[in-house]
Amino acid sequence: MDDIFTQVREGNAFHVRVWLDNTENDLNQGDDHRFSLLHWAAREGRANICDMLIQRGARINATNMGDDTALHLAAGHGHRDVVLMLLHNKANVNAINEHGNTPLHYACFWGFDVIAEDLVNNGCLVSIANKYDELALDKAKTYLAKMLKERALALGQDLSKIPFKDRSWLGYKTRSRDALLSRHTGIDMSQLQLVGHIASTHSGETWRGQWQGNDIVAKILSVQECTLRNSRDFQEEFPRLRIFNHPNILPVLACCNQPPNLVIISQFMPFGSLFNTLHGESGIVVDQNQALQFAIDVAHGMEFLHSLEPMVPNLVLLSKHIMIDEDLTARVNMADYRFSFHEKGKIYDPAWIAPEALKNKTEDINQRAADMWSFAVLLWELETREVPFADMSPMQTGMKIAHEGLRITIPPGISSHISRLIKICMNEEPGKRPRFDMVIPILEKMKHTN
């Protein structure tokens, strides 16, 4: 098959779909100028391919080498259908490129009046100045500038000039093609630039860094002894974590297998984990609507993982293992997979784990049903904003859940719909718990009636 970027540019939807069906193909890779597949589809007005890429998990606000987003390119080339699709899917309407231009600057310069009006109606600020102190209105024809100014005032915009501010440090660049590894290769530790320590946990040391120009997180696994067998198992298990074609899965990008260092590398997420978002200081305001959207995102990710044969084992569902992307999409973090040789038999977060999973061997439990129990605890956490059993040690919690019938208490004031769903998902009989494809429509209905 020809280069995937060529297929996208030429609008060969069938070939693009076949390529996307391979979970190891990274649809967020960039070409030599860091144009992603979505950049090219937006630039060429390939609305059907844009839709396909977005549904499969394309990063809406990823930037190319010049910091253009897909919305910049769609607006600058007059593709209104693509502009509206991107706006509907959380595109940052006020994104600026390296010159400080917003999508509105492009639409005004090229005289795409209707697109310019669409952008303003969707929150684009007319008062953002670019690097050269020019407003979008300065680039528009007189009648268009007048109309957009009146529209902005009617929408309550403050027309005070907003000076240029460099935002390239935010880390939204597409991944370089150099970052894509074949199934059996790894990278050298010397290629990683580790610049900031994020956390020390039982599973390893987590660092923020750079690799091939990509903003990454490197997790150095904590192992007592890195034997030849461990290194071999690591190399064999790593490829199953490279799931690139689902919007609610955060794939592992690469690995470094250089004993004593076993390292897995994933994309940096600016807001951190869902646990941090709910209980830390991420700065995100999680209202009822956003909480439900997080739950829907997680359910979609888990539904996909449950559809795989064989299923990815050893991935515990809890809020610490869900990452929040720059567009507030929740994504199941494959870097939190527990390798077969890693921390064998140890459980650190029993509050989220089904009682049968605490008592029995992995091969003796229904993992899909156990995940649904964990999802119920996550729903409770989203609704209450509390950490389950925070007043007890993990060991106490695990023993009491497994042997003394300890269960989360649903406090008064919680939505009766959520309360009922939590109870259904926590049925004491694993076989009576629902599947994720059954839960998703219920959650979506709740969101639409909220």
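Biologist: In this predicted model, why does the sulfur of C226 form no bond with the closest cysteine sulfur?
Modeller: The closest cysteine sulfur belongs to C256 and lies 10 Å from that of C226. A disulfide requires the two sulfur atoms to be within 2.5 Å, so the sulfurs of C226 and C256 are too far apart for a bond.

Biologist: How many disulfides does the rule give for the model as a whole?
Modeller: The count comes to 0. C124, for instance, is in no disulfide, the nearest cysteine sulfur being that of C108, 8.4 Å away. Set against the limit of 2.5 Å, that distance does not qualify as a disulfide.

Biologist: What makes C124 count as buried?
Modeller: The relative accessibility of C124 is 0%. Buried means under 20%, and therefore C124 falls in that class.

Biologist: Which residue is the bridge partner of C256 in β8?
Modeller: The partner of C256 in β8 is V263. A hairpin with 2 residues links β7 to β8.

Biologist: How do you know that β7 and β8 count as paired strands?
Modeller: There are 6 bridges between β7 and β8, in the antiparallel sense. Pairing requires at least two bridges, so β7 and β8 satisfy the criterion.

Biologist: Why is β7 described as mostly covered?
Modeller: Of the 7 residues in β7, 5 are buried. Each of those 5 is therefore under the 20% limit of relative accessible area.

Biologist: In what order do the strands of the open sheet follow one another?
Modeller: The order of the 5 strands is β3-β4-β5-β8-β7, with antiparallel pairing. What makes β3 (193-201) and β7 (252-258) edge strands is that each pairs on one side only. On average, neighbouring strands of the sheet are turned by 25° against each other, direction ignored. Helix α10, residues 228-237, packs on this sheet and touches β5, β7 and β8 (261-267). The direction of α10 makes about 160° with that of β7.

Biologist: What makes β3 and β4 a pair?
Modeller: They are joined by 7 bridges in the antiparallel sense, and at least two are needed, so the criterion is met. These two strands form a hairpin with 2 residues between them. L194 has G209 in β4 as its bridge partner.

Biologist: Which residue of β5 is the bridge partner of G209?
Modeller: In β5 that partner is I216. Strand β4 (residues 204-211) and strand β5 (residues 214-221) run antiparallel and are joined by 8 bridges. W211 stands opposite N214 in β5. Between β4 and β5 the hairpin has 2 residues, and Q212 takes a positive phi near 55° in this hairpin.

Biologist: Turning to a loop, what makes K432 count as exposed?
Modeller: The relative accessible area of K432 is 53%. Exposed means over 50%, so K432 is placed in that class. K432 is found in the loop between α16 (416-425) and α17 (436-449).

Biologist: Which residues are in contact with K432, leaving aside its neighbours within four places in sequence?
Modeller: K432 is in contact with I424 and N427. Contact means heavy atoms within 4.5 Å, so both I424 and N427 meet that limit with K432. K432 and Y106, by C-alpha to C-alpha distance, are 55 Å apart in space, and 326 residues separate them in sequence.

Methods:
Residues numbered from 1 in each chain as written. Predicted model: local features only at pLDDT ≥ 70, side-chain atom pairs only at ≥ 80, totals over all residues. Heavy atoms only, no water. Helix = DSSP H or I, 4+ residues; strand = E, 2+ residues; numbered from the N terminus. Axes fitted to C-alpha atoms, helices over the stretch in contact; angles between N-to-C directions. Buried < 20%, exposed > 50% of the residue type's maximum accessible area, 1.4 Å probe, protein only.
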